[in-house]
Every structure is written in C-alpha cells, then in structure tokens.
Amino acid sequence: MAKSYKIGVIPGDGTGSEVIAEGKKVLDAASKKFGFGLQYTFYDVGGDRYLKTGELLPDSVLAEFKAQDALYLGAIGHPDVKPGILEKQILLRTRFELELYINLRPVKLYPGVETPLKNKGPNEIDFVVVRENTEGLYTGAGGVFKKGTPDEIAIQESINTRKGVERCLRFAFEYTRKRNKRKKLTLVGKTNVLTYAFDLWERAFYEVGKEYPDITTDYTHVDAACMWMVKNPEWFDVAVTDNLFGDIITDLGAMIQGGMGIACGGNINPHAVSMFEPIGGSAPKYTGKNQINPLAAILAGAMMLQILGEEKASSAIEDAVARALKSDIKSVEAGRMGMGTREVGDLIAKYI
Ligand code: IPM
Ligand code: MN
C-alpha cells in the first residue's frame with residue numbers, strides 16, 4: 001500500500017490561508033505524481049479565533065499536533081491583537097512543546113530572481129542557517145519590577161543549556177556533512193561580549209567539531225556576519241547560531257535571496273513531528289487581494305516532503321519553482337509577480 005502522511009494545516013492569519021491553499025495545491029500535485037497520500041486536518045488557531053472565542057492554543061489541539069506526521073503553517077499575527085500574544089502562545093508554544101529545536105532556513109538565490117546585492121548571483125548566495133529554536137532570549141526567562149515607575153527594572157535572560165546547544169550544533173554538523181557542498185560550518189556568536197553564553201557555544205562547537213574532521217569550522221561575531229552576508233555571502237555554507245541572532249540574520253538572508261516571498265523555513269524536531277512555514281508574516285495589507293507570493297509556502301511544502309522522506313517529490317517542487325522563476329514570474333515581490341497568487345500555484349502544480 002502507498003504511504004500516506006497526516007498533515008496538520010494551520011493557515012493562520014492574514015494571507016496565511018491564501019499561500020497555504022497554493023502550497024496544498026502543489027503538494028497534492030506532487031502526491032498524485034509520486035504516489036503517496038496526504039491526509040490533511042485543518043486547525044483554525046490564530047488571531048480570528050482568539051478574537052472570537054479568547055482561545056489561543058488549546059491543550060487538546062497541541063496534543064493533536066503531536067499525533068501528525070508534519071505541520072504546515074501559514075502565518076501567525078493579527079493587526080487587532082497586541083503584539084506578543086499570538087506569537088508567544090501559539091507559535092513559540094508550539095516550538096517549545098513539540099521541541100522543535102532547529103529552525104532551518106535556507107538562503108538561496110534562484111536564477112531569475114533579483115538580489116539587492118551588486119555583482120552577486122546564485123553561485124554566491126546559497127547557504128543555510130541553522131537557528132537554535134527553543135532557548136536563548138526566547139524562553140521568557142526574566143521579569144519586570146516596579147513596572148511603569150521611574151525605577152522600573154526589566155530583565156530578559158538568555159538561557160543556553162549545554163544539552164540544547166549541543167543538540168543544535170550536532171544537527172548543524174550532520175546537516176553540513178549531508179549537504180556535502182563546501183563542508184564548512186560557521187558559528188555565529190558574540191564571544192567578545194556575551195562571554196558566558198557564547199563561551200558555552202564556542203567550547204561545545206569545537207568539542208563536537210572533533211567528531212567531524214571532514215567539516216571545516218569557522219567563527220564570526222554576529223555583527224560581522226551581517227557584514228559578510230552582504231559583502232561576501234559566498235563565504236557561508238552552513239551557519240549555526242542562537243535563537244535571536246538566527247531570527248535577525250535570517251531576515252537579512254531573506255532579503256539577499258530576493259525577499260520574504262521566497263524565504264521558507266522548517267521548525268524541526270529530528271525525532272518527531274516538525275512544522276514548516278514561509279518565514280514572512282501575515283502581511284495583512286495584502287489579505288484577500290490574490291497578490292501575495294505563495295512560493296515561500298510552496299518551498300516550505302517541499303522542505304516538509306524532504307523531511308518526510310519523499311525526496312523525489314520535494315526536488316520536483318523545487319525544480320518547478322526554479323523553472324517558473326526563470327521564465328514566468330516577473331518578481332518575487334507581492335503584487336509584482338506578473339500574475340496572481342492562485343496563478344502561481346496553478347503554474348507550479350502544472351510544472352510538476
Ligand atoms: C520568525 C518570527 C518569530 C520569531 C516571531 C513571530 C515570534 O519572527 O519566525 O522568525 O521571532 O521567531
Ligand atoms: Mn523572524
């Protein structure tokens with residue numbers, strides 16, 4: 001009997017449902033062509049449900065997430081909800097509770113896509129960021145004292161555990177080996193100032209690195225990494241870093257690969273269910289206009305199939321995207337694609 005996968009779909013807010021619809025169209029085309037099944041369960045968690053019912057992420061839904069083979073997320077973020085609520089209670093809670101300890105974010109410039117970097121092309125812009133996804137400044141550790149007074153004190157602590165850091169580094173080394181490109185792994189940190197946190201990272205990096213003699217190790221401070229990503233992006237093969245630095249440098253990465261319209265990511269637990277998403281937000285100003293670019297969501301779908309073990313189907317989606325970018329799609333920016341959201345989905349599905 002053909003394999004079948006249970007996919008939990010969270011379209012989420014704003015343009016999330018529009019891009020997820022196209023992603024699903026493409027996934028269905030791939031499943032038909034390559035002979036495996038996809039059974040979807042839709043979850044309406046997000047800003048609208050919260051505004052209507054006050055519910056964020058019920059425990060029962062979280063339990064159902066754990067029973068899926070993968071999760072496919074559109075976007076979380078609603079203009080009528082105060083920043084921090086949906087992000088923390090839905091997105092971050094899912095990352096933490098499902099131990100999605102890797103955030104894998106490829107920075108790849110496809111031929112035909114414009115980069116703001118002068119004299120750089122697809123040969124120079126092709127690396128992957130491995131972002132730690134469950135610790136650092138994201139845990140909520142810290143607190144506030146005397147809030148709203150002139151004596152207010154706000155403390156936000158970065159939690160770095162040897163276990164959490166090491167499992168992330170180990171994934172990064174394995175990934176660099178498997179990617180088999182330049183076999184170079186760069187630790188991005190701030191050892192000159194964050195002398196506790198990045199001392200731990202640095203020691204663990206070189207210790208774990210001994211087990212990977214085939215991988216070249218390199219280190220750069222995060223501020224310099226921003227500089228190199230713009231000046232010499234070709235220096236990177238795989239970069240590994242903590243949660244916040246990874247968040248920041250992957251927005252920069254998204255821009256040099258053409259924009260949010262094409263940037264996808266995977267929130268990965270290598271031993272259990274993982275969640276895949278376009279890394280851009282809910283883009284409320286484009287909602288319902290058939291203008292948002294679904295390629296990031298489509299590529300997130302390809303990444304999902306790759307992790308599920310459907311490598312051929314995954315490559316077929318990526319090839320179809322590359323083909324469309326080369327010959328049909330004018331720009332990866334929303335509203336400038338030369339066709340609508342649905343037409344992009346139709347085209348990629350057709351190319352598969
Ligand atoms: C991302 C987003 C999230 C993050 C926000 C929405 C909490 O920016 O996935 O990069 O900071 O991780
Ligand atoms: Mn971000």
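**Exercise 1. The enclosed space**

How many cavities of 30 Å³ or more does the structure hold? Find what lines the largest cavity and which element gives the most to that lining.

*Solution.* The model examined here is predicted. The count gives 1 cavity of 30 Å³ or more, and the space in the largest cavity comes to about 40 Å³. Its lining consists of Ile10, Val45, Leu73, Ile76, Ile90, Leu91, Thr94 and Met275. Sorting these residues by class gives 7 nonpolar, 1 polar and no charged. The element that gives the most to this lining is α4, with 3 residues. Turning to α4 itself, the buried residues there are Leu86, Ile90, Leu91, Leu92, Arg93, Thr94 and Arg95, and after α4 comes Glu99, which has a positive phi near 50°.

**Exercise 2. The second largest pocket and ligand 1**

Describe the lining of the second largest pocket, place the pocket with respect to the domains, and then list the surroundings and polar contacts of ligand 1.

*Solution.* Begin with the volume: the second largest pocket holds about 470 Å³ of space. Of the 24 residues in its lining, Glu87, Leu91, Arg95, Tyr138 and Asp247 are the closest to its centre. At least two lining residues are supplied by each of β3 (70–75), α4 (85–97), α8 (243–256) and β12, and the largest share, 5 residues, comes from α4. By class, the lining divides into 9 nonpolar, 7 polar and 8 charged residues.

For the position, note that domain 1 (1–101 + 260–352) and domain 2 (115–132 + 153–257) both give residues to this lining, so the second largest pocket lies between them.

For the ligand, the residues that surround ligand 1 are Glu87, Leu91, Arg95, Arg105, Arg131, Tyr138 and Asp247. With a cut-off of 3.5 Å between N or O atoms for a polar contact, three side chains can be examined in turn. A polar side-chain atom of Tyr138 is 2.6 Å from an oxygen atom of ligand 1. For Arg105, the distance from a polar side-chain atom to an oxygen atom of the ligand is 2.9 Å, and for Asp247 a polar side-chain atom likewise lies 2.9 Å from an oxygen atom of ligand 1.

**Exercise 3. The largest pocket**

Which residues are the closest to the centre of the largest pocket, and which elements give two or more residues to its lining?

*Solution.* The space in the largest pocket is about 880 Å³. Its lining counts 27 residues, of which Leu104, Tyr175, Met303, Gln306 and Ile307 are the closest to the centre. Two or more residues come from each of β4, β5, α5 (162–179), β11 (264–268), α9 and α10 (311–327). The division by class is 14 nonpolar, 5 polar and 8 charged, while domain 1 and domain 2 each contribute at least three residues to this lining.

**Exercise 4. Two loop residues with positive phi**

Where do Asn119 and Ala283 lie, and is each of them buried, partly exposed or exposed?

*Solution.* Asn119, a residue other than glycine, has a positive phi near 60°, and its place is in the loop between β4 (102–108) and β5 (126–132). Asn119 is exposed because its relative accessible area of 69% lies over the cut-off of 50%. Ala283 also has a positive phi, near 40°, and is found in the loop between β12 (274–278) and α9 (295–308). The relative accessible area of Ala283 is 23%, a value between the limits of 20% and 50%, and Ala283 therefore counts as partly exposed.

Terms used: Residues numbered from 1 in each chain as written. Chains lettered and ligands numbered in written order. Predicted model: local features only at pLDDT ≥ 70, side-chain atom pairs only at ≥ 80, totals over all residues. Heavy atoms only, no water. Helix = DSSP H or I, 4+ residues; strand = E, 2+ residues; numbered from the N terminus. Buried < 20%, exposed > 50% of the residue type's maximum accessible area, 1.4 Å probe, protein only. 1 Å grid on protein atoms, 1.4 Å probe; cavity = no way out; pocket = protein on both sides within 12 Å on 5 of 7 lines; lining within 4 Å. Points joined across faces, edges and corners; volume = space filled by probe spheres on them. Nonpolar A, V, L, I, M, F, W, Y, C, P; charged D, E, K, R; others polar. Domains from an automatic or database assignment. Near = heavy atom within 4 Å. Polar contact = N/O pair within 3.5 Å; in protein donor to acceptor, adjacent residues only side chain to side chain.
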